[in-house]
Each structure stands twice: as structure tokens, then as C-alpha cells.
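Hi everyone, thanks for coming. I'd like to walk you through one structure today, so have a look at the screen while I talk.

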Amino acid sequence: MKIPKISEEIQMEAKKCNIQLKLLSDEQTKNIRENVYFKYTNKHDSIFLWENLADFSVVSDINGWELISDFVGSQKCLLFFNEKDDGAIIVINGGRDLYDILAETYGFEFYVTNFDTEYLICFSHHDCLLGCGTAEKWIDSLK
């Protein structure tokens, strides 16, 4: 039995919840990943993107993933994963949809940004919520 990729699991759950999603094209995905890498990392190789973050704030909270929807609000966001886990980037129509999808899926490490990569939020497998860019001050306010 084939285990579905994270993005496939999310698409299945979104369909059950009647939430519309879109996958970015390969070119768009490459551009977003490059922008995130350029803006927020120290450019060392690692399996986990968050291990390379150069300037960030962090808070430990087992339910920290629930808070991300408040930061995203009504704006579209991009949900993605460590490339070794799944290379897809998913467009989500806002924080409410993001929350509803994450609440229905199993635990996995993920990242959230916007099309302009003004921020990067990670919820790690250590139950840490990390924020870069405009999300850094938001994470500080949660401490």
C-alpha cells in the first residue's frame, strides 16, 4: 500500500471539508523556495529548513500550529514542507481554511509564507513555532 505524500493527504482532507486548494506550478514552487532560502537561511545544507534559519523567534507550544491562522487572517498563504518530505507548495485561501485543514490531518512539519515571502512560519516536529520576517515580532508577542 502506497503512503500518500503530505500534499495528497491535505488535498483529500480539503475535499472532505469542501475547501478549495491549488498547487503551485513547478516554476512558481522553485521561485518561492529560492526566495525563502535566500531571505531566511544561512545557506548551509540540512534536511530540515528550520535548522538553517538565520534570524528568527521561537516559542515552544504543542498547539502552536493553531495560532498560525490568526497571523494569516484573511490573506492567501502558501503551505509547504521540507523538500525531502514533499516538494509541493499549496495555496490556501486564508487562515480559517489553513486551520481547518491542519486540524484534520496528521502531525507533520510544515511552513507557511505568502506570495511575497514577507514572512516564514514553521511548526517543527519538536512542537516549536518559529517565525522570520514579519512573523518574528508576532512570535515574540506570544512569549
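Let me begin with strand 7, residues 128–133: five of its six residues are buried, so this strand is largely enclosed by the rest of the structure. Please keep in mind that what you see is a predicted model.

Who are the neighbours of strand 7? With strand 2, residues 57–60, the pairing is antiparallel and uses four bridges. If you want a place to look, find Val58, whose bridge partner in strand 7 is Leu130. Then there is strand 6, residues 119–123, which pairs with strand 7 through five bridges, again antiparallel. Two pairs to pick out here are Ile121 with Gly131 of strand 7, and Cys122 with Leu130 of strand 7. So Leu130 comes up twice: as the partner of Val58 and as the partner of Cys122.

Strands 6 and 7 also make a hairpin, with four residues between them. In that turn, look for Asp127, which has a positive phi of about 60°.

Now let's stay with strand 6. How many of its residues are buried? Five of its five, which leaves the strand mostly covered. As a reminder, side chains in a regular strand alternate between the two faces of the sheet. In strand 6, one side carries Tyr119, Ile121 and Phe123, the other carries Leu120 and Cys122, and all of these are buried, meaning that both faces are covered.

Moving on from strand 6, we come to strand 5, residues 110–113. Strands 5 and 6 run antiparallel and are joined by four bridges, and one pair to find is Phe110 with Phe123 of strand 6. These two strands form a hairpin as well, this one with five residues between the strands.

That brings me to Thr117, which sits in the loop between strand 5 and strand 6. Thr117 is not a glycine, yet its phi is positive, at about 45°. Is Thr117 buried or exposed? Its relative accessibility is 0%, so Thr117 counts as buried.

There is a nice contrast with Asn18, another residue other than glycine with a positive phi, near 60°. Asn18 belongs to the loop between helix 1, residues 6–16, and strand 1, residues 21–23. With a relative accessible area of 65%, Asn18 is exposed.

Let's step back and take in the sheet. What is the order of the strands? Seven strands make an open sheet in the order 1-4-3-5-6-7-2, with antiparallel pairing. Strand 1 and strand 2 are at the edges and have a single partner strand each, so each has one side without a neighbour in the sheet. From one strand to the next, the twist averages 20°.

At the strand 1 edge, the partner is strand 4, residues 89–92, in an antiparallel arrangement with three bridges. Leu21, for instance, has Ile92 of strand 4 as its bridge partner. Helix 1 packs on the sheet here, touching strand 1, strand 3 (77–80) and strand 4, and its direction makes about 155° with that of strand 1. Helix 4, residues 95–103, lies across strand 1, strand 3, strand 4 and strand 5, and runs at about 125° to strand 4.

For a view from a single residue, try Cys77 in strand 3. At 0% relative accessibility, Cys77 counts as buried. Leaving aside neighbours within four places in sequence, its contacts are Val72, Ile90, Val91, Ile92, Leu98, Val112, Thr113 and Tyr119. Ser60 is 17 residues away from Cys77 along the chain, and their C-alpha atoms are separated by 22 Å.

One last stop is the second largest pocket, which has a volume of about 210 Å³. Which residues lie nearest its centre? They are Tyr106, Gly107, Phe108, Phe110 and Phe123, out of 16 lining residues. By class, the lining has eight nonpolar, five polar and three charged residues. You'll recognise two names there: Phe110 and Phe123 are the bridge partners I pointed out earlier.

That's my tour, and I'm happy to go back to any part of it.

How values were computed. Residues numbered from 1 in each chain as written. Predicted model: local features only at pLDDT ≥ 70, side-chain atom pairs only at ≥ 80, totals over all residues. Heavy atoms only, no water. Buried < 20%, exposed > 50% of the residue type's maximum accessible area, 1.4 Å probe, protein only. Pairing = 2+ DSSP bridges. 1 Å grid on protein atoms, 1.4 Å probe; cavity = no way out; pocket = protein on both sides within 12 Å on 5 of 7 lines; lining within 4 Å. Points joined across faces, edges and corners; volume = space filled by probe spheres on them. Nonpolar A, V, L, I, M, F, W, Y, C, P; charged D, E, K, R; others polar. Axes fitted to C-alpha atoms, helices over the stretch in contact; angles between N-to-C directions. Contact = heavy atoms within 4.5 Å.
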